[in-house]
Amino acid sequence: MSFIPWLRWNEAPPRLSSRRPADTVLETLMMELAGQMREAERQQWERGNAGSKICTGVDYSWLASAPRPTYDLSPGERLQLEDVCAKIHPSYCGPAILRFRQLLAEQEPKVQEVSQLFRSVLQEVLERMKQEEEAHKLTRQWSLRPRGNLALATFKTRARISPFTSDIRTISEDVERDTPPPLRTWSMPEFRAPKED
């Protein structure tokens with residue numbers, strides 16, 4: 001049995017990251033873009049090599065591998081994407097990545113098209129955020145509205161609802177009208193039909 005964990009009682013507890021959630025979202029989304037661009041580049045290179053193997057029938061890839069050219073985002077495009085990524089709320093980061101991966105799997109774009117696809121996914125997420133924020137505002141407005149029963153109050157003044165009276169006269173009603181009301185049981189509420197003049 002080791003006593004080392006027991007000797008750490010005076011150490012400071014591990015601190016949480018001091019980074020802002022927006023920075024974490026930005027870094028995560030940009031890392032996802034970079035990784036997907038590398039993957040798209042690798043797939044494009046493999047498709048090109050598979051085509052040359054089919055044409056020549058011989059595979060020389062083991063002999064010498066030429067350095068592959070890598071595609072990079074322009075600094076302006078990178079800054080624009082970072083600006084859009086910074087607007088994404090942390091709770092939408094995961095769904096944005098899932099949607100991006102889903103579109104990549106469906107379309108299999110070239111390396112140059114990956115950043116446009118990423119931008120379109122970010123725009124979709126921003127639109128969804130805006131719609132949900134508007135719906136939340138409407139919900140908040142409805143919940144904060146005064147709950148006066150004005151419509152019900154005006155309805156009550158216009159019509160009296162009497163469940164025991166009707167327009168159709170019956171013999172039993174005539175008999176019941178002439179007899180005095182029975183003594184009521186105190187556990188039951190008293191219901192009386194309004195007297196008509």
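This passage walks through the nonpolar core, one helix pair and a few individual residues of a predicted model.

The core is a good place to start. In soluble globular proteins, nonpolar side chains tend to be buried together. Here, the largest nonpolar core holds 27 residues. The residues with the most contacts inside this core are L29, L33, I88, F100, F118 and L122. Four helices each put in at least two residues: α2 (21–56), α3 (75–86), α4 (93–107) and α5 (111–144). The largest share comes from α5, which supplies 9 residues. I88 gives an idea of how such a core residue is surrounded. Setting aside residues up to four places away in sequence, I88 touches V25 and L29, along with C93, and then L122, V125, L126 and M129.

Next comes the pairing of α4 with α5. The axes of these two helices come within 10 Å and cross at roughly 140°. The angle falls short of the over-145 range that counts as roughly antiparallel, so α4 is classed as oblique to α5. The crossing itself is right-handed. On the α4 side, the residues that meet α5 are P95, A96, R99, F100, L103, L104 and Q107. Their counterparts in α5 are V114, L117, F118, V121, E124, V125 and R128. F100 and F118 thus turn up in this helix pair, and both are also listed among the core residues with the most contacts. The loop between α4 and α5 contains E108. The backbone does something worth a look at this spot: E108 has a positive phi of about 45°, although it is not a glycine.

Not everything tucked away is nonpolar. S115, a residue of helix α5, has 0% relative accessibility and therefore counts as buried. The side chain of S115 makes a polar contact with the side chain of E77, at 2.7 Å. Beyond its neighbours within four places in sequence, S115 is in contact with L33, L73 and L81 as well as E77. One of these, L33, is again on the list of core residues with the most contacts.

T28, in helix α2, is a different story. With a relative accessible area of 31%, T28 is partly exposed. Leaving out residues up to four places away in sequence, T28 touches C93 and I97. The C-alpha atoms of T28 and G94 are separated by 9.5 Å, although the two residues sit 66 residues apart along the chain.

Definitions and conventions:
Residues are numbered from 1 along each chain as its sequence is written. This is a predicted model: local features need pLDDT of at least 70, side-chain atom pairs count only at pLDDT 80 or more; totals for chains, interfaces and linings use all residues. Side-chain values use heavy atoms; hydrogens and water are left out. A nonpolar core is a set of buried Ala, Val, Leu, Ile, Met, Phe, Trp, Tyr and Cys residues joined through side-chain atoms within 4.5 Å. Buried means under 20% relative accessible area, exposed over 50%, partly exposed in between (1.4 Å probe, protein chains only). Contact means heavy atoms within 4.5 Å. A polar contact is a pair of N or O atoms within 3.5 Å; within protein, one must be able to donate a hydrogen and the other to accept it, and residues adjacent in sequence count only if both atoms are side-chain atoms. Axes are lines fitted to C-alpha atoms, for helices over the stretch in contact, and angles run from 0 to 180 degrees between N-to-C directions. Angles under 35 degrees count as roughly parallel, over 145 as roughly antiparallel, 65 to 115 as roughly perpendicular and the rest as oblique. A crossing is left-handed if the near helix is turned anticlockwise from the far one by less than a right angle, and right-handed if clockwise.
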